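Work through the exercises below with the sequence and the coordinates open. Each task is followed by a stepwise solution.

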Amino acid sequence: MDLIKLVEQSFANEKAAQIPSFKAGDTVTVTYRIKEGDKDRLQKFRGVVIQISGATPFTRTFTVRKVSGGVGVERIFPFQSPFIDEVEVNKVGKVRRARIFYLRNLSGKKARIQEKKFVKTAAEQE
């Protein structure tokens, strides 16, 4: 029993090293592998992270929302999915909640999330 947990943890640590840290409100681009017949292709899905759910590394998922052609599209990605090729953080959003479902009811400029401003210290400016 302990051997199985050990292998699961090593796999989780290996996969977690590839995915950068992000939270709800961040804009991410998820590149994932799609199988069509006998061919593989990569597809990018760029949107705002609405929530991160799950307690253990194997049940953790994140939901990404984008508006495509005037229609909101949400997609749930497992952190441990073998089909995820890469996750890139494009913007760090400034939100005060862990789950931003209120974004579903907003449209246009109201649906924008402010970008977090980073202040440089004196050591970084030199």
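## Exercise 1: A surface patch

L3 counts as exposed, at 61% relative accessibility. The model is a predicted one.

**Task.** Place L3 in the chain, and find the nonpolar patch that L3 helps to form.

**Solution.**
1. Locate the element. L3 lies in helix α1, which covers residues 2-16.
2. Check the exposure. The cut-off for exposed is over 50% relative accessible area. L3 has 61%, so L3 counts as exposed.
3. Collect the partners. L3, L6 and V7 make up a nonpolar patch on the surface.
4. Add the area. Together the three residues of this patch have about 320 Å² of accessible area.

## Exercise 2: The fold in outline

**Task.** List the elements of the chain in order, and state what share of its residues is buried.

**Solution.**
1. Count the elements. The chain has two helices and five strands.
2. Read them from the N terminus. The order is α-β-β-β-β-β-α.
3. Take the burial. The chain has 126 residues, and buried residues make up 28% of them.

## Exercise 3: A salt-bridge network

**Task.** Which residues do salt bridges with shared partners join into one network?

**Solution.**
1. Start from the total. The structure holds five salt bridges.
2. Take E74 and R65. Their side chains meet in a salt bridge, at 3.1 Å from N to O.
3. Grade both ends. R65 is buried at 14% relative accessibility. E74 is partly exposed, with a relative accessible area of 31%.
4. Take the other partner. E74 also forms a salt bridge with R104, where the closest N and O atoms are 2.8 Å apart.
5. Place this pair. E74 lies in strand β4, while R104 sits in the loop between β5 (84-91) and α2 (122-125). The pair therefore ties together parts that are 30 residues apart in sequence.
6. Grade R104. Its relative accessibility is 40%, so R104 counts as partly exposed.
7. Join the pieces. Through shared partners, R65, E74 and R104 form one network of salt bridges.

## Exercise 4: Another salt bridge

**Task.** In the salt bridge between D26 and K23, how far apart are the closest N and O atoms? Is D26 buried or exposed?

**Solution.**
1. Take the distance. The closest N and O atoms of D26 and K23 are 3.5 Å apart.
2. Apply the burial cut-off, which is under 20% relative accessible area. D26 has 3% relative accessibility, so D26 counts as buried.
3. Grade the partner. K23 has 33% relative accessibility and counts as partly exposed.

## Exercise 5: Two phenylalanines

**Task.** Where do F77 and F79 lie? Find for each a residue that is remote in sequence, and give the C-alpha distance.

**Solution.**
1. Place F77. F77 is in strand β4. With a relative accessible area of 3%, F77 is buried.
2. Pair F77 with Y32. They are 45 residues apart in sequence, and their C-alpha atoms are 9.5 Å apart.
3. Place F79. F79 is in the loop between β4 and β5. With a relative accessible area of 12%, F79 is buried.
4. Pair F79 with I52. They are 27 residues apart in sequence, and their C-alpha atoms are 9.7 Å apart.

## Exercise 6: The largest pocket

**Task.** Give the volume of the largest pocket, and describe its lining.

**Solution.**
1. Take the volume. The largest pocket has about 440 Å³.
2. Count the lining. The pocket is lined by 22 residues. Nearest its centre lie V48, L103, A111, R112 and I113.
3. Sort by kind. The lining divides into eight nonpolar, eight polar and six charged residues.
4. Trace the strands. β2 (39-53), β3 (61-68) and β4 (71-78) each supply at least two lining residues.

Conventions
Residues are numbered from 1 along each chain as its sequence is written. This is a predicted model: local features need pLDDT of at least 70, side-chain atom pairs count only at pLDDT 80 or more; totals for chains, interfaces and linings use all residues. Side-chain values use heavy atoms; hydrogens and water are left out. On a 1 Å grid over the protein atoms alone, a cavity is a set of points where a 1.4 Å probe fits but cannot get out, and a pocket is an open set with protein on both sides within 12 Å along at least five of seven lines; lining residues have an atom within 4 Å of a point. Grid points are joined across faces, edges and corners, and a volume is the space filled by probe spheres set on the points. Helices (H or I, at least four residues) and strands (E, at least two) are DSSP runs, numbered from the N terminus. Ala, Val, Leu, Ile, Met, Phe, Trp, Tyr, Cys and Pro count as nonpolar, Asp, Glu, Lys and Arg as charged, and the others, Gly among them, as polar. A salt bridge is a side-chain nitrogen of Lys or Arg within 4 Å of a carboxyl oxygen of Asp or Glu. Buried means under 20% relative accessible area, exposed over 50%, partly exposed in between (1.4 Å probe, protein chains only). Patches are made of residues with over 30% relative accessible area and no salt bridge: like charges are joined within 9 Å, nonpolar side chains (Val, Leu, Ile, Met, Phe, Trp, Tyr) within 5 Å. Accessible areas come from the Shrake-Rupley method with a 1.4 Å probe; for residues, only the protein chains shown count as cover.
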